[in-house]
Every structure is written in structure tokens, then in C-alpha cells.
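Here is a guided look at one chain, meant to be read with the model open beside you. Take a moment to turn it around before reading on.

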Amino acid sequence: MPYKKIIFYLLISSLLISSLEITLKIAGNTFHPVQLTFLRFIIGGLALFIPSVISMRKKNIRPRLNDWMLLALNGFVVVTVSMILFQLAVDHAKASTVAVIFSCNPVFTLLFSYLFLKEKLTRLTLLSVVLSMAGLLVIVNPVNLNEPLGLTFALFSAIAFSVYSMISRLVSTRTGLNGLSVTGFTLLIGSLELLGLMLLTHFQSAAAFLSRVPGLDAFASIPIWSGIAWENVPLLLLAGIGNSAAAFVMYFLIMELSNVSMASIPFFIKPGLAPLLSFLILSEQLTMHLIIGIVIILVGSLLTIYSNWSRSNMRV
């Protein structure tokens, strides 16, 4: 196992993944939530398109129609479902809280891997899952629930992202496409699907219907390009290429070089790093519930890392 390369990917992806909520929180003041999701993924998808095609041709891979349909489903799950919910979560809750809740998506990924991919769960990994869920409950604090809408969005976004991870692995196994290609095609197709839905909201009948429904009026005539100016282009590039495309690619590169548990480590680091970055950049307060929950989740993360390295050493 190329440990040096994996560690490098882990460090970079951890920083990119942990700073995502901060980037979106800042950009969310300028763009509509759905518009921002579309812009960052169309940028990320286009940035990865040529490398994805080159990689596919080098391996002489020709995906069949069913494979493209699976990629389209994957794009819909991650872009239209998971990431719109994620952006809504960031808009309705603290960036640090959303970051911690979303970072628990590997818990669902591990469970789905066990149920559908037949990957083994060690006792330490199972204990890590239990601790992560316990830490999540401490942070959410059901007895005195704050920002319930944002927390709900974040939780379902994490679940949808874990489904995306499973579909991506299935596509890679079926077609032979590497993580870069699967990510590139998924993000580009997903952003185009979202664009189609955004265009539908501009039809007079659809806009009128959405405007009359409480809670859905914000989705009538969703802007597509408005609001883009030279001063916010760097922020969009960071969100699209850095926090999205590059982070997603590294996630699957780590998975290819090791396994799901190792690829999930940046999300386990995120609960500790993201709140610290939010405190330093956004001046968000670190509550006692958040700190205790972070500590519990980090302990669970260390157990997952230890379990993964132990299994790797046993194979050598």
C-alpha cells in the first residue's frame, strides 16, 4: 500500500473538505442555494471532463447505456439531492454544526458497505459507529433542539452522500473507470440535470405554482447566471474546483488505494478541524455540546483509523 501517497491525499482532502462549509457560507450571501450548487458543480465537472475522457480512453473503456444511466442516477443523488440539502443546511445552521453532522456520512457508508457490498465490520469499527452516533446526538441535543431545519437538511444530506459513495463504487467496479473519471462524469451530468430543473422553474406555470406554495416560493424562477462578478469568481473557483472536484477525486483515489474506511478519514478529521476553521474565519462560537460531541466523534474516528491500519498490517 503506497502510504506516503495516501497520507498526502488525506492531508489535502481533509483541509478541502473541512473548509467547504466556510466557503459556501460566505458565497451563500451572494447566490441562491440551488444556483450556488449548480455553479460549483458545473465548474468542477468541466474541470474534470477532459482528464476523465483521457483516462477512459487510455484504459479503452466504453461504458454501456446502463452505465451512463447509473452515472446519471449518481449525479442526481449527489448534486440535486445531497448537495442542495447541504447548501440549505449551511444557510439555516452554523457552518461548524453542519460540518460535524455531515462528517458522519462515513457511518452510513460503512453500514451500507456492510449491507450491500458485504464488507466486514470489525468490533472496533462497530464501536466507532456507535460513538459517532452518540457524538451526533450530543451535538444535535434533542432535549433543547436549536436550528432543527438546518440539522435535518444536514442529516439527510449525509445519508444521500453515502448512497452516492456506494453507487460510485458500483460504477467503478462495473466499468473499470477510476475515481477521477467517475467523479468527473457524475458531477458534470448531475449539474446538467440540475440545470434542467432550474430552467423548468422559469416556465410561467411552474413559477406561478411554486410561488403559491408556502416554503417553495424561494424556488420559483431560480437564477442561473445572475450575481456572478469578477470579485466572487475566485470564491466560485475555490468551491467548484478545490472544495468539490479536487476533494471528491481525492476521496475516491484514497478509496482505490486502500478501502472505504481509509477514504472516510478526512470526514472523521472534519469534526475537529471544521469548527476550528469556522471559529477562526467566521467567528462562530464553540458551544460545550459541540465540543463534547466533537471529542466523542474523534475518539470513534481514531478507533476506525486504528482498526483499518491493524487490518492492513495483518495482510502484509
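## Reading contacts in this model

Two residues are in contact when their heavy atoms come within 4.5 Å. Please keep in mind that this is a predicted model. With that in hand, start at Ser 191, which touches Phe 38, Phe 41, Ile 42 and Val 79, residues up to four places away in sequence not being counted. Ser 191 lies in helix H9, and its relative accessible area is 0%, so Ser 191 is buried.

## How far to trust the model

The mean pLDDT of the chain is 83, and 91% of the residues reach 70 or more. Confidence is highest in helix H9 (residues 179-200), at a mean of 93, and lowest in helix H12 (residues 260-263), at 68. Where pLDDT is low, the predicted coordinates should not be read in detail.

## Overall architecture

What is the chain built from? There are 14 helices and 0 strands, which gives the pattern α-α-α-α-α-α-α-α-α-α-α-α-α-α along the sequence. The radius of gyration is 19 Å, close to the 20 Å that the globule rule gives for 316 residues, so the chain is as compact as a globular protein of that length. Along the principal axes, the C-alpha atoms fill a box of roughly 60 × 55 × 35 Å.

Of the 316 residues in the chain, 53% are buried. If you take the contacts between residues at least 6 apart in sequence, 86% join residues at least 24 apart. The accessible surface comes to about 14,600 Å², and carbon and sulfur atoms account for 71% of that surface.

## Buried residues around helices H9 and H3

Leu 187 is another residue to look at in helix H9. Its relative accessibility is 0%, so Leu 187 counts as buried. Leaving aside neighbours within four places in sequence, Leu 187 is in contact with Phe 41, Gly 45, Leu 48, Val 78, Val 79, Ala 245 and Phe 248. Take Phe 41 from that list: the C-alpha atoms of Leu 187 and Phe 41 are separated by 5.8 Å, although the two residues are 146 residues apart along the chain.

Now move to Thr 37, whose place is in helix H3 (residues 33-58). Is Thr 37 buried or exposed? At 0% relative accessibility, Thr 37 counts as buried. Its contacts, again without neighbours within four places in sequence, are Val 79, Met 83, Ile 84, Gln 87 and Leu 194. Val 79 is worth highlighting in your viewer: Val 79 is among the contacts of Thr 37, of Leu 187 and of Ser 191.

## A salt-bridge network at Asp 67

Side chains of opposite charge can pair when their charged atoms come close. How many salt bridges does the structure hold? There are 2 salt bridges, and Arg 64, Asp 67 and Arg 174 are linked in a network of them.

In one, the side chains of Asp 67 and Arg 64 meet at 3.8 Å, N to O. Asp 67 also forms a salt bridge with Arg 174, the closest N and O atoms being 3.0 Å apart. Arg 174 lies in helix H8 (residues 148-175) and Asp 67 in helix H4 (residues 65-92), so this pair ties together parts that are 107 residues apart in sequence.

The surroundings of the three side chains are worth a look too. Asp 67 has a relative accessibility of 4%, so Asp 67 counts as buried. Arg 64 is exposed, with a relative accessible area of 54%, and Arg 174 is partly exposed at 40%.

## A nonpolar patch on the surface

Which residues make the nonpolar surface patch? They are Ile 26, Leu 276, Phe 279, Leu 280, Ile 281, Leu 286, Met 288, Ile 291, Ile 292, Val 295 and Val 299, and the patch covers about 980 Å².

Helix H13 (265-282) and helix H14 (288-315) each supply at least two residues of the patch. The largest share, 5 residues, comes from H14. One patch member to click on is Ile 292, found in helix H14. Ile 292 is partly exposed, with a relative accessible area of 40%.

Notes
Residues are numbered from 1 along each chain as its sequence is written. This is a predicted model: local features need pLDDT of at least 70, side-chain atom pairs count only at pLDDT 80 or more; totals for chains, interfaces and linings use all residues. Side-chain values use heavy atoms; hydrogens and water are left out. Patches are made of residues with over 30% relative accessible area and no salt bridge: like charges are joined within 9 Å, nonpolar side chains (Val, Leu, Ile, Met, Phe, Trp, Tyr) within 5 Å. Accessible areas come from the Shrake-Rupley method with a 1.4 Å probe; for residues, only the protein chains shown count as cover. A salt bridge is a side-chain nitrogen of Lys or Arg within 4 Å of a carboxyl oxygen of Asp or Glu. Helices (H or I, at least four residues) and strands (E, at least two) are DSSP runs, numbered from the N terminus. Buried means under 20% relative accessible area, exposed over 50%, partly exposed in between (1.4 Å probe, protein chains only). The radius of gyration is taken over C-alpha atoms; the globule rule is 2.2 Å times the number of residues to the power 0.38. pLDDT is the predictor's confidence in each residue, from 0 to 100.
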